[in-house]
Amino acid sequence: MPKIPVHLVEVTPRELPGLQDTRGESIRQMLVTDHNVSIKRVRSITGYQVKANLSSGQLLQSLQDLFTDPIIEHGTVNQSLLDDSNFFPETPDLAIMVGFKPGVTDNAAQAALDGLLTIFPEQEGKASVATTMTYLFWGIPKDLDLEWLAGTLHNPMIERAAM
């Protein structure tokens, strides 16, 4: 049986006047309010690992019709947004990726799979989706314990984090 490829879809909010990365700003505010930790800037990247036999045209269609709102978000397929200096011209001080452990219900992934199957019904029973959230940090205090920071961003009972 041929191996089914896994495609990486990444989505981040565009930086436009009056528009902020609400996930990133929420994390930044939580760190200040709950832990008195001041970080200059936090951005987010939502990742979707899509295991499916999809052509490049189908992947582009799913990016445009399912995974992004092209007015307020930018997305890529099988490329890292961090490698695109148009979106992240300054390398972050730290990136922390959080994802669910195997066997834990991933509601966002299930919703994405439902949408994918609506667009490509022939993938029924063949495709799967998993999600991650990557937080990018700029201006981290020099004495901040990075393990502690990662621990505040996820629930170790159901999620795992990588820095």
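## Loops, sheet and helices in a predicted model

N36 sits in the loop that joins α1 and β2. The model is predicted, and the values below are computed from it. N36 is exposed, because its relative accessible area is 70% and the cut-off for exposed is over 50%. Its backbone is also of interest: N36 has a positive phi of about 55 degrees although it is not a glycine. In general, most residues other than glycine have a negative phi.

N78 also has a positive phi without being a glycine, with a value near 55 degrees. N78 belongs to the loop between β3 and β4. At 42% relative accessibility, N78 counts as partly exposed, since that class lies between under 20% for buried and over 50% for exposed.

A further loop residue is L19, placed between β1 (6-13) and α1 (22-35). The table lists the three loop residues.

| Residue | Loop | Relative accessibility |
|---|---|---|
| N36 | between α1 and β2 | 70%, exposed |
| N78 | between β3 and β4 | 42%, partly exposed |
| L19 | between β1 and α1 | 30%, partly exposed |

Which residues does L19 touch, leaving aside those up to four places away in sequence? They are R14 and I72. L19 and I72 are 53 residues apart in sequence, while their C-alpha atoms are 8.0 Å apart in space.

**The sheet**

Six strands form an open sheet with antiparallel pairing, in the order β3-β1-β2-β5-β4-β6. At its edges are β3 (73-77) and β6 (159-162), each of which pairs on one side only. Direction ignored, neighbouring strands of this sheet are turned by 20 degrees against each other on average. Strands of a sheet pair through backbone hydrogen bonds, either parallel or antiparallel.

Two of the pairings can be followed in detail. β1 and β3 pair in the antiparallel sense over five bridges, and T12 has H74 in β3 as its bridge partner. β4 (residues 94-100) and β5 (residues 128-138) are joined over six bridges, again in the antiparallel sense. In this region G99 stands opposite T132 in β5.

Is the edge strand β3 mostly covered or mostly uncovered? β3 is mostly covered, with five of its five residues buried. In a regular strand the side chains alternate between the two faces of the sheet. In β3, E73, G75 and V77 point one way, H74 and T76 point the other way, and all are buried.

**Helices on the sheet and against each other**

α1 lies across β2 (41-51) and β5, and runs at about 130 degrees to β2. α3 packs on the sheet as well, where it touches β2 and β5. The direction of α3 makes about 125 degrees with that of β5.

α3 (residues 107-119) also has a helix partner, α2 (residues 56-67): their axes come within 10 Å and cross at roughly 120 degrees. That makes α2 oblique to α3, because the angle falls outside the range of 65 to 115 degrees for roughly perpendicular and is not over 145 degrees, the limit for roughly antiparallel. The crossing of α2 and α3 is right-handed.

Which residues meet where α2 and α3 are in contact? From α2 come Q61, S62, D65, L66 and F67, and they meet A112, G115, L116 and I119 of α3. Sorted by class, this contact has five nonpolar, three polar and one charged residues.

Terms used. Residues numbered from 1 in each chain as written. Predicted model: local features only at pLDDT ≥ 70, side-chain atom pairs only at ≥ 80, totals over all residues. Heavy atoms only, no water. Axes fitted to C-alpha atoms, helices over the stretch in contact; angles between N-to-C directions. Helix = DSSP H or I, 4+ residues; strand = E, 2+ residues; numbered from the N terminus. Parallel < 35°, antiparallel > 145°, perpendicular 65-115°, else oblique. Left-handed = near helix turned anticlockwise from the far one by under 90°. Contact = heavy atoms within 4.5 Å. Nonpolar A, V, L, I, M, F, W, Y, C, P; charged D, E, K, R; others polar. Buried < 20%, exposed > 50% of the residue type's maximum accessible area, 1.4 Å probe, protein only. Pairing = 2+ DSSP bridges.
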